[in-house]
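Welcome! Have a look at the structure below, then try the exercises one by one.

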Amino acid sequence: MTADSPTSSGEGEGPLLVVIDMQRLFGPGTPWATPGFDSLFQPIGRLVDGFGDRICFTRFVVPAHLEGSWVDYYREWEFATRPEAVALHELAAPLAERARGHLVVDKPSFCKMGPELRAAAGASETLVVCGVATDCCVIATVIDAADSGMHVRVVADACAGATAEAHERAVAIMAGFAPQVRITNVDDELALAAAG
């Protein structure tokens with residue numbers, strides 16, 4: 001977990017915006033490139049503007065020691081473990097600067113839910129989730145958060161999956177976890193944020 005003078009904390013009010021894994025690792029030109037990645041900067045930027053201090057960014061990182069199924073996973077995706085891939089783990093340029101002053105949570109797992117997000121959400125017990133990939137790290141985080149008792153809103157038009165079809169399937173699965181999980185959009189979230 002890293003932060004530059006973090007302003008997101010459990011002391012605030014209202015839901016916590018969680019921007020999942022908007023890293024160079026999932027941008028164009030990489031083996032893990034997510035179609036539509038670049039198109040997310042505008043809607044996510046709008047959400048970041050609307051949520052003020054109540055923001056957390058997450059990053060998927062390679063574990064220091066591989067165990068269990070991760071051994072096989074990184075045997076298949078060995079590129080991510082090479083020294084030259086270290087820079088790819090950074091947040092993509094349009095959001096890297098926006099992350100300064102906010103909580104940044106690094107986890108070597110698809111799911112980013114944990115004590116850091118719970119503490120940052122505080123009394124609201126609510127996460128508003130966007131980012132990539134809908135069918136991997138987003139859905140893993142959302143379902144675990146709901147299972148741990150959090151309220152979760154998924155901003156579907158600020159997420160992208162491995163394919164458009166995979167995105168839609170993941171959104172449909174998460175919608176099945178209502179009322180703990182709700183599917184929303186950027187405009188509705190900004191209206192809620194403005195209403196206080």
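Throughout, contact means heavy atoms within 4.5 Å. This is a predicted model, in which local features need pLDDT of at least 70 and side-chain atom pairs count only at pLDDT 80 or more, while totals for chains, interfaces and linings use all residues. Residues are numbered from 1 along each chain as its sequence is written, and side-chain values use heavy atoms, with hydrogens and water left out.

**Exercise 1.** Find out which residues Cys130 is in contact with, leaving aside neighbours within four places in sequence.

Step 1. Start from Cys130 and look for Leu17, Val18, Val19 and Ile20, which are in contact with it.
Step 2. Add Ile44, Leu47, Val155, Ala158 and Cys159 to complete the list for Cys130.
Step 3. Now place Cys130 in the largest nonpolar core, which has 61 residues. A nonpolar core is a set of buried Ala, Val, Leu, Ile, Met, Phe, Trp, Tyr and Cys residues joined through side-chain atoms within 4.5 Å. Buried means under 20% relative accessible area, exposed over 50%, and partly exposed in between (1.4 Å probe, protein chains only). Cys130 is among the members that touch the most others, together with Leu17, Met22, Ile44, Leu47, Phe57 and Leu127.

**Exercise 2.** Decide whether Asp21 is buried or exposed, and find the side chain with which its own makes a polar contact.

Step 1. Asp21 has 0% relative accessibility, so it counts as buried.
Step 2. Its side chain makes a polar contact with that of Lys112 at 2.8 Å. Such a contact is a pair of N or O atoms within 3.5 Å; within protein, one must be able to donate a hydrogen and the other to accept it, and residues adjacent in sequence count only if both atoms are side-chain atoms.
Step 3. Beyond four places in sequence, Asp21 also touches other residues, including Phe26, Thr58 and Arg59.

**Exercise 3.** Describe the surroundings of strand 3 (residues 55–60).

Step 1. Helices (H or I, at least four residues) and strands (E, at least two) are DSSP runs, numbered from the N terminus.
Step 2. In strand 3, 6 of the 6 residues are buried, so the strand is largely enclosed by the rest of the structure.
Step 3. Ile55, Phe57 and Arg59 point one way, and Cys56, Thr58 and Phe60 the other. In a regular strand the side chains alternate between the two faces of the sheet.
Step 4. Two strands pair if DSSP finds at least two bridges between them. Strand 2 and strand 3 run parallel, joined by 3 bridges, and strand 3 pairs with strand 4 (residues 103–107) in the parallel sense over 5 bridges.
Step 5. Cys56 is the bridge partner of Val18, and Leu103 in strand 4 is the bridge partner of Cys56.
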